[in-house]
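Please look over the sequence and the model before reading on. The report below goes through the chain part by part.

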Amino acid sequence: MSELFAPSSISVSELNALAKALLEDHLAGLWIAGEVSNLTRAASGHYYFSLKDSRAQVRCAMFKGAAARLAKPLKEGDHIEVAGKISIYEARGEFQITVNEVRLKGLGQLYEAYERLKAQLQAEGAFAAELKKLLPARPQCIGIVTSLAAAALRDVVTTLKRRAPEIPVIVYPTSVQGAGSEFQIAQAIKTASQRAECDVLIVCRGGGSIEDLWAFNEEPVVRAIEACAIPIVSGVGHETDFTLADFVADVRAPTPTGAAELVSPNRQESLHRLAQAKGRLKTVLEQRYFDASQKLDWLARQIHHPHQKLDEQRTYIRKLAQTLSYSMTQNVRAHTARFERQTQALKHCRPDISVYRQDIDRFQTTLSHAFRQLLAHRRQSLTAQTALLEAVSPQQILERGFSVVKNTRGQVIRNADVLKQGQKLHITFADGETDVRVTKEQAQRELFD
């Protein structure tokens, strides 16, 4: 009867599945400390080992993806702390840990100190955005705080040489890992701040394990960065690595190379913008040149040659002379006609005109004499005007020994100060012309010669 109501049995696989579920649900998020033993690395890249202490051990498996994140390979006898999925390998019913993260034993205390210092700095406002200094757009000098033997220094210098080779670089050498390195880093930052030789400072080192980067979590380094008067870019480790130096720095870069790119202007972009500005300037200058040339051509068409002006004045004088001669002739004809009409009238009236005839004869004589005098006076005035015009004629000036000096563009030279050594000139004389060159050095030089 008792066997009838006894609970039904479960299979071994069901038992292992239940145990696996219980372990995974109730033992998540733990860090387990121990010594590496029975270490095996398969050809696939997976690690298999036991984690033991003085009284027990547990099997562990770390697959290739997690192993690739190790700062250095595991070795027999390492004292480590692991975190991962605590479960049962159902096929064999073996209790094991599938390891996802590994850290050297003792980092737990370091993390506690890290969190305490981080909380303290957060409360003090050391990470406040309003305290961050702006990076200069075009620094005159760049400082680097790192080890002279670090690959990060070569990466930073190579990047700066490629992007902005004209900017000088000052290196403040320091150890970046190991005992006491935090004090050396802090002193290098203080030295750079006191000397004020640079416009921006890069604090950097390459990637490594968390213990390799730990100096940048120490309070002396953090306080030195906070007190530095120069803007600081932190480039510590890889993109996934975060230290307290990253939080307190003015700008955090994912890598040392990224820090170099943040502080330096891109030379190619600057050259491209300069080329664009040069093109715009050339276009503006060409347009101004075309406008000035067009205006010069228009003004040149407004200038008349002295010969043309002289010809116009001669033509005008000839017209005046013709008008004067015509007016005098018409005046004589009018008076002659009037005289004839009066003579006819007198003939009809047959008055005694002997007295008047004498007056008429005298009037004719006076009129003829006056006309000759007036004509002589007008001719004399015309001759004087003609002589005056001939006197101011350029040809007459040349006849008196003067000459006209022009440059190669046909411009008249009025001042010897505008001449320069070796300049070619054209000289026009009263009879003939010739080309010469200037042999005396002059201070002022022609713009286009």
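What follows describes the domains, the nonpolar cores, the largest pocket and several single residues.

This is a predicted model, in which local features need pLDDT of at least 70 and side-chain atom pairs count only at pLDDT 80 or more, while totals for chains, interfaces and linings use all residues. Residues are numbered from 1 along each chain as its sequence is written, and side-chain values use heavy atoms, with hydrogens and water left out.

## Domains

The domain assignment of the chain gives domain 1 (12-104), domain 2 (110-268) and domain 3 (394-438), with bounds that come from an automatic or database domain assignment. Taken over C-alpha atoms, the centres of domain 1 and domain 3 are separated by 104 Å. The UniProt record, an unreviewed entry, annotates residues 10-102 as "domain: OB-fold nucleic acid binding"; positions from UniProt are given in the numbering used here, feature names are shortened, and annotations may be inferred rather than shown by experiment. Over residues 10-102 the chain is 20% helix and 46% strand, and the C-alpha atoms at the two ends are 37 Å apart. Here helices (H or I, at least four residues) and strands (E, at least two) are DSSP runs, numbered from the N terminus.

## Nonpolar cores

A nonpolar core is a set of buried Ala, Val, Leu, Ile, Met, Phe, Trp, Tyr and Cys residues joined through side-chain atoms within 4.5 Å. Buried means under 20% relative accessible area, exposed means over 50%, and partly exposed lies in between (1.4 Å probe, protein chains only). The largest nonpolar core has 33 residues, and those with the most contacts inside it are Val-145, Ile-189, Leu-201, Phe-216, Ile-225 and Ile-232. Two or more residues of this core come from each of helix H3 (107-124), helix H5 (181-195), strand E8 (200-205), helix H6 (219-227), strand E9 (232-236) and helix H7 (244-248). The largest share, five residues, is given by H5. Another core, of 17 residues, lies apart from this one, and among its members are Ile-142, Leu-153, Ile-167 and Ala-260.

Leaving aside neighbours within four places in sequence, Ile-225 is in contact (heavy atoms within 4.5 Å) with Ile-189, Ile-232, Ala-245, Val-248 and Ala-249. In helix H8 (residues 256-263), the residues Pro-256, Gly-258, Ala-259, Ala-260 and Val-263 are buried. These buried residues of H8 pack against strand E6 (142-146), helix H4 (151-163), E8 and E9.

## The largest pocket

On a 1 Å grid over the protein atoms alone, a pocket is an open set of points where a 1.4 Å probe fits, with protein on both sides within 12 Å along at least five of seven lines, and lining residues have an atom within 4 Å of a point. Grid points are joined across faces, edges and corners, and a volume is the space filled by probe spheres set on the points. About 810 Å³ of space lies in the largest pocket. Its lining has 30 residues, of which Arg-69, Ala-71, Val-102, Ser-209 and Ile-210 lie nearest its centre. Strand E5 (94-104) and H3 are the elements that give two or more residues to this lining, and E5 gives the most, with five residues.

## Single residues

The table places five residues by element and relative accessibility.

| Residue | Element | Relative accessibility |
|---|---|---|
| Ala-61 | strand E3 (residues 57-62) | 3%, buried |
| Ile-86 | strand E4 (residues 79-89) | 6%, buried |
| Phe-363 | helix H11 (residues 354-391) | 47%, partly exposed |
| Asn-38 | strand E1 (residues 31-41) | 51%, exposed |
| Ala-196 | loop between H5 and E8 | 54%, exposed |

Not counting residues up to four places away in sequence, Ile-86 touches Leu-23, Glu-24, Leu-27, Leu-30, Ile-32, Phe-95, Gln-96 and Ile-97. With the neighbours within four places left aside in the same way, Ala-61 is in contact with Tyr-47, Tyr-48, Gln-96, Ile-97, Thr-98 and Val-99. The C-alpha atoms of Ala-61 and Gly-84, 23 residues apart along the chain, are separated by 9.7 Å. By contrast, Phe-363 and Gln-194, 169 residues apart along the chain, have C-alpha atoms separated by 120 Å.

Although Asn-38 is not a glycine, this residue has a positive phi of about 55°. Ala-196, which is not a glycine either, has a positive phi of about 50°.
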